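Here is a walk through one protein model, taken one part at a time. Keep the sequence and the structure in view while reading.

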Amino acid sequence: RQANLNETKEWLKTAEHQKISAKTDDGYTLIAEVFPFKQKELWNTEQTSHKWVLLLHGYTGWKEEMYPFAYWYHKEGYHVLVPDLRCQGESEGDYIGMGWTDHFDCMLWIEYILSQDAEAQIVLHGQSMGAAAALMMTGERLPENIQAVVSDCAYTDAYSMFGEKIKEWFQLPAFPLVDSACLILQLRGGYNLKEASAIGAVKRSKVPILFIHGDADAMISVQMTKDLYQAAGCQKELLIIEGAGHGQSQDKDPDAYYNSIRKFLDKSLA
């Protein structure tokens, strides 16, 4: 892990990047960093890449956590866009969206990519809540430019995930505690926790999805990704990393992790 972090830090010293912003329909300003890919060819001309990746961090995270992934994708020839999801990092918001508000917000970043490159081939790569947001996007009508999703340790739906944690951590029943949270979020956050369902979305997905999860994940059960994989109605692949905890698959077995992604994307973006 340390070697990867050191390489990422070195890359960040020289990588061209730009901070951009977008305004949500409910008035919040969201912030992202863009790392354009430019490859110098013979005679000093630039070869244009149409490959883009949108990297989505997890619950209470921030965009900088995704920079090691950004570094890998950039080496693979991708333009990289890494946002702070609403109410996290530099982005405004009153409540974290649990993937639901985020899957609408992220369409603003898709619009930005298409404004830069009408021929963009877009990959959505999310971790934890960011993965759930990416999966929720696949249930919507999407531009054909979105050609693949990498879902790393997603939950099936936020309501079930919180219900499991309340039982596990506090030995308390999900009802009425999670339902009370649902009501508060409905009144103040403008969305229902029960709507934040990735498993309902993947049933409608036409976008190929690579599902990844560590089998030692104590935060989100590996069974949730297995359930998502079974439910998905699209082209799909499943990678379970032995001994990996939550969001740690890329560190536990980086070769299996990144080689699987590379092979999956080579097929999906062909």
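A residue counts as buried when its relative accessible area is under 20%. The model discussed here is a predicted one. By that cut-off, eight of the nine residues of helix H2 (residues 67-75) are buried, so H2 is largely enclosed by the rest of the structure. The buried residues of H2 are Tyr-67, Pro-68, Phe-69, Ala-70, Tyr-71, Trp-72, Tyr-73 and His-74. Just after H2 comes Gly-77, whose phi is positive, at about 95 degrees.

Strand S2 (residues 29-35) can be read in a similar way. Six of its seven residues are buried, so S2 too is largely enclosed by the rest of the structure. S2 runs antiparallel to strand S1 (residues 18-23), and six bridges join the two. One pairing is that of Lys-23 with Thr-29 in S2. Five residues lie between S1 and S2 in the hairpin they form, and in its turn Gly-27 has a positive phi of about 90 degrees. S2 is also joined to strand S6 (residues 79-83), again antiparallel, by four bridges. Here Phe-35 is opposite Val-80 of S6.

Two further helices pack against each other. The axes of H3 (residues 100-116) and H4 (residues 129-137) are 8 Å apart and make an angle of about 70 degrees. Angles of 65 to 115 degrees count as roughly perpendicular, and H3 and H4 are therefore roughly perpendicular to each other. H3 contributes Trp-100, Asp-102, His-103, Cys-106, Met-107 and Ile-110 to the contact, while H4 contributes Met-129, Ala-133, Met-136 and Met-137. Of the residues in this contact between H3 and H4, eight are nonpolar, one is polar and one is charged.

Notes
Residues numbered from 1 in each chain as written. Predicted model: local features only at pLDDT ≥ 70, side-chain atom pairs only at ≥ 80, totals over all residues. Heavy atoms only, no water. Axes fitted to C-alpha atoms, helices over the stretch in contact; angles between N-to-C directions. Parallel < 35°, antiparallel > 145°, perpendicular 65-115°, else oblique. Contact = heavy atoms within 4.5 Å. Nonpolar A, V, L, I, M, F, W, Y, C, P; charged D, E, K, R; others polar. Buried < 20%, exposed > 50% of the residue type's maximum accessible area, 1.4 Å probe, protein only. Pairing = 2+ DSSP bridges.
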